[in-house]
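I opened this entry to keep a record of what I looked up, starting with burial and then moving to the fold, the ring pairs and the ligand.

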Amino acid sequence: MSERKNIIAGDKNDHDEGDGPQIGVVEKTRTRTRRPSMYRVLLINDDYTPMEFVVEILEQIFHKTRDEAVAVMLNVHQSGVGVCGVYSFDVAETKVAQVDALARQHEHPLQCTMEKA
Ligand code: TYC
């Protein structure tokens with residue numbers, strides 16, 4: 001939600017109807033900016049998706065180095081779930097869709113979800 005505040009620097013004079021100079025009104029509108037909510041993108045473990053495929057997903061979609069990707073994959077493999085990254089809603093949603101599309105293409109059951117951080 002953004003809140004608008006009017007900062008009125010001048011007020012129109014009701015009686016300004018004569019021949020004299022027009023009285024101007026200067027009004028500034030400030031839109032308050034809000035930091036976007038952030039979302040964790042999670043990978044879920046399963047028994048069938050190859051480890052190498054998960055590592056490649058983490059490299060290609062989440063821009064992890066090989067070592068980071070292996071560490072995240074092993075964490076998911078061992079604990080059941082793990083964080084791939086934290087993003088704004090639109091970026092998180094896109095990454096979840098990209099993982100889902102690649103997993104389907106390769107017929108792996110890999111699941112990827114997002115949650116508010
Ligand atoms: N558990 C899988 C295996 O042993 C590997 C794996 C890791 C699968 C992470 C999914 O999100 C995942 N081949």
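Before reading any accessibility, I fixed the cut-offs: a residue is buried under 20% relative accessible area, exposed over 50%, and partly exposed in between. I also noted that the model is a predicted one. With those cut-offs, phenylalanine 89 has a relative accessible area of 37% and is therefore partly exposed.

**Fold.** I looked up the secondary structure next and found three helices and five strands, which follow one another along the sequence as β-β-β-α-α-β-α-β. Of the 117 residues, 24% count as buried, and the protein exposes about 8,600 Å², of which carbon and sulfur atoms supply 50%. Among contacts with a separation of 6 or more, I noted that 67% are between residues 24 or more positions apart.

**Ring pairs.** I then asked how many aromatic pairs the structure holds, and the answer is two. Tyrosine 39 and phenylalanine 89 make an edge-to-face pair, with 5.2 Å from centre to centre and 80° between the planes. Since tyrosine 39 belongs to strand S3 and phenylalanine 89 to helix H3 (residues 89–105), this pair ties together parts that are 50 residues apart in sequence. Tyrosine 39 is buried, at a relative accessible area of 14%, whereas phenylalanine 89, as recorded above, is partly exposed.

For phenylalanine 62 and tyrosine 87, I read ring centres 6.3 Å apart and planes at 40°, so I entered the pair as tilted. Phenylalanine 62 sits in the loop between H1 and H2 and tyrosine 87 in strand S4 (residues 81–88), so the pair ties together parts that are 25 residues apart in sequence. Phenylalanine 62 is buried, with a relative accessible area of 4%, and tyrosine 87 is buried too, with 17%.

**Ligand.** Which residues are around the ligand? I listed Leu43, Ile44, Asn45, Asp46, Thr49, Met51, Val54, Val76, His77 and Leu110, a shell that by class has six nonpolar, three polar and one charged residues. Checking the polar atoms, I found an oxygen atom of the ligand 2.8 Å from a backbone N or O atom of isoleucine 44. A nitrogen atom of the ligand lies 2.7 Å from an N or O atom in the side chain of asparagine 45, and a nitrogen atom of the ligand is 2.7 Å from a polar backbone atom of aspartate 46. Taken alone, the ligand exposes 340 Å², and the protein buries 89% of that. Finally, I noted that the elements giving two or more residues to the shell are strand S3 (38–44), helix H1 (51–60) and helix H2 (66–79).

Technical notes:
Residues are numbered from 1 along each chain as its sequence is written. This is a predicted model: local features need pLDDT of at least 70, side-chain atom pairs count only at pLDDT 80 or more; totals for chains, interfaces and linings use all residues. Side-chain values use heavy atoms; hydrogens and water are left out. Helices (H or I, at least four residues) and strands (E, at least two) are DSSP runs, numbered from the N terminus. Buried means under 20% relative accessible area, exposed over 50%, partly exposed in between (1.4 Å probe, protein chains only). Contact means heavy atoms within 4.5 Å. Accessible areas come from the Shrake-Rupley method with a 1.4 Å probe; for residues, only the protein chains shown count as cover. A residue is near a molecule or strand if one of its heavy atoms lies within 4 Å of it. A polar contact is a pair of N or O atoms within 3.5 Å; within protein, one must be able to donate a hydrogen and the other to accept it, and residues adjacent in sequence count only if both atoms are side-chain atoms. Ala, Val, Leu, Ile, Met, Phe, Trp, Tyr, Cys and Pro count as nonpolar, Asp, Glu, Lys and Arg as charged, and the others, Gly among them, as polar. Rings of Phe, Tyr and Trp (its six-membered ring) pair if their centres lie within 6.5 Å; planes under 30 degrees apart count as stacked, over 60 as edge-to-face and the rest as tilted.
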